[in-house]
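Hi everyone, thanks for coming along. Let me put the structure up on the screen, and then we can walk through it together.

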Amino acid sequence: MSSQVQIPKTMKAIQADKTGGPEVNVLREIPVPQPKDNEVLIKVQWTGVNYIDIYFRTGLYPKPSYPYTIGQDAVGTIVSLPPASSSSSNPSLKIGQKVYTTAGNAFAEYLVAPVDRVAVLPDDLKPEDAKDGVSMATQGLTALYLVKESYAIRKGDWVLVRAAAGGVGLILTQVTFGSSFNNASLHQDRFGLRLAKHLGANVIGTVSSSQKAEIVTQNGVDHVLLTTAPSEENVKKVLELTGGQGVHAVYDSVGKDTWDEDFEVVRRKGTVVSYGNASGAVPAFTLAKLTPKAVKITRPTLFAIVNTQQEWTEYTDELTDLTRNGVTKYAVHKVYDFTEEGVRQAQVDIEGRGTSGKLLIHVSD
C-alpha cells in the first residue's frame, strides 16, 4: 500500500455484532483496512444515517457475517491510491482530494472504496459545505435515478411523493420540480435527462406535520397532505386534484403503511415506485393486484441502477452539475457525535420519522 500520508494501524469504528435495537451499535478499536489493488483508502470526515442502516440492524436486510461496520456513505480525503494500472478507470483521483463514496463501512475513521465508487467533490464547494457530499452520495444519487429511470417525469404529470420532507424527498422535489430549473444552462440533454421537460409537473407531497408542510412547499411541492389525516380523506383529495384520474406515479419510501393506498391513488397504467420500508416491508402480493389498472411496479436500489463505472460517472457528473449550479440544496437535520451514544440517538431519531433532511455524523476535522 503506497501512501504519502502517515496512516495509523488502528482506528475507531461503530460495529454491530448482531441484530437488534440501537444498543447493538458499539464503538471499538479495529485495524485500519488494507486496500486492494483496485481500491483507495479514505480518511473519513463526515458520514450519515440512512434507513438502510436500520434495515441491516434489524435483520430486514440480512448481513452475511458479523461483526460489520455500519454506514453507507461518507465524505473524506484520499490518503492512499492503488497502482496506476489499477486506477485507470478513474484517473482523476489524487492523494489529498476531497471525495464522497457509497462504498459502505462508513462509520469509521478510515474506509476503503473501489475506484469506481468514488467521486470528487466540486472544487468550488466551500470547505464548510463538504458535508453536503454525504447527502449527494446515497440520497442525491437515489433522487436522481428515481426521476431518470424509475419513472421519468413528463411535463404535466401528476406525481405523489411520500415522506416529501425526508432526506431523499427534499432532494427529489428539488431535482424534479424545483423553481431553480429556470437556469437555462441546465436545459440540456445530459446523459438522457432533459431537465426542462420536468417543468410544469404537478406534485403532491405527504408529510407528518404542518412544520414539514411548510418546508416541502418551499421545495417545490404544489399540494401537501398530512399523514395525520384519515387515509380516505387523502385519497379523496388526490382524486379531486387529478380530476378523478389519480397520479401518474407514486414515489414511496414508507412501505407497508402506504402500500394499499398507493393503488387507490395511482391512475390507470400508472407506476408505483417502492424504494423504501420506513414503516416496514410491503406485504406479499399477487400479480392480480396490478390487473384492474394495469399498474406497473418497480423496486429499485442504488446499486442495481448505478452499477457500472459508466453509470457511476454519468450520475455523479450530473449530480455535481446540479449541485454546482444551485439546483439541489441539501438540508441537515442535525450533526451527531461519533460516539456510541451519538450514533444510537441518530438511529432513534430517524426511526421516529420526525426528522427532515440528512442526519450527519462528524467523524474528524
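**Empty spaces, strands and a few odd torsions**

Let's begin with the walls of the largest cavity: Ser135, Gln139, Gly167, Leu170, Ile171, Lys329, Tyr330, Ala331, Gly357 and Lys358 line it. Before going further, please keep in mind that this is a predicted model.

How much space lies in the largest cavity? About 40 Å³, and the structure holds one cavity of 30 Å³ or more. Two helices, α2 (132-150) and α3 (167-177), each supply at least two residues of its lining. The biggest contribution is from α3, which gives three residues. By character, the lining of this cavity divides into four nonpolar, four polar and two charged residues. And where does the largest cavity lie with respect to the domains? Domain 1 (10-136 + 331-362) and domain 2 (139-302) both give residues to the lining, so the cavity lies between them.

Now to the pockets. About 1100 Å³ of space lies in the largest pocket. It is lined by 47 residues, and the closest to its centre are Tyr51, Ser253, Val254, Gly276 and Ala278. Several elements give two or more residues to this lining: α1, α2, α3, β12 (202-207), α5 (231-241), α7 (302-305) and β18. Here α2 gives the most, with four residues. The lining of the largest pocket comprises 19 nonpolar, 21 polar and seven charged residues. This pocket also draws lining residues from both domain 1 and domain 2, so it lies between them.

The second largest pocket has a volume of about 260 Å³. Of its 17 lining residues, Ser92, Ala119, Val120, Thr316 and Asp317 are the closest to its centre. Both β8 (118-120) and α8 supply at least two residues of the lining. Which element gives the most to the lining of the second largest pocket? That is α8, with seven residues. Overall, this lining splits into seven nonpolar, seven polar and three charged residues.

Since α8 has come up, let's stay with it. Helix α8 covers residues 309-324, and at 1.5 Å a residue its 16 residues should span 22 Å; the end C-alpha atoms are 22 Å apart, which agrees. Buried residues in α8 include Trp312, Tyr315, Leu319 and Leu322. As a reminder, an α-helix has 3.6 residues a turn, so residues three or four places apart point the same way. After α8 comes Gly326, with a positive phi near 80°.

On to the strands, starting with β3 (residues 39-49). Is β3 largely enclosed or open? Of its 11 residues, 10 are buried, so β3 is largely enclosed by the rest of the structure. Let me take its partners one at a time. With strand β7 (residues 110-114), β3 runs antiparallel and is joined by five bridges; there, Ile42 stands opposite Leu111. With strand β5 (residues 74-80), the pairing is antiparallel over six bridges, and Leu41 stands opposite Ser80. Four bridges join β3 to strand β18 (residues 358-362), again antiparallel, with Gly48 opposite Leu360. You may remember β18 from the lining of the largest pocket.

There is also an open sheet of three strands, in the order β2-β1-β4, with antiparallel pairing. Its edge strands are β2 (25-31) and β4 (68-69), each pairing on one side only. Strand β1 (residues 10-16) is joined to β2 by seven bridges, and Lys12 stands opposite Glu29 in β2.

Finally, some backbone details worth a look. Where is Pro67 placed? In the loop between α1 (51-58) and β4, and a cis peptide bond joins Tyr66 to Pro67, with omega about -5°.

Two residues that are not glycines have a positive phi. For Asn105 the value is about 55°; this residue is in the loop between β6 (98-101) and β7, and is partly exposed, with a relative accessible area of 40%. For Lys269, phi is about 65°. Lys269 is found in strand β15 (residues 266-274), and is exposed, with a relative accessible area of 51%, where the cut-off for exposed is over 50%.

That's my tour. Thanks for listening, and I'm happy to go back to any part of it.

Notes:
Residues numbered from 1 in each chain as written. Predicted model: local features only at pLDDT ≥ 70, side-chain atom pairs only at ≥ 80, totals over all residues. Heavy atoms only, no water. 1 Å grid on protein atoms, 1.4 Å probe; cavity = no way out; pocket = protein on both sides within 12 Å on 5 of 7 lines; lining within 4 Å. Points joined across faces, edges and corners; volume = space filled by probe spheres on them. Nonpolar A, V, L, I, M, F, W, Y, C, P; charged D, E, K, R; others polar. Domains from an automatic or database assignment. Buried < 20%, exposed > 50% of the residue type's maximum accessible area, 1.4 Å probe, protein only. Pairing = 2+ DSSP bridges. Expected span 1.5 Å × (residues − 1).
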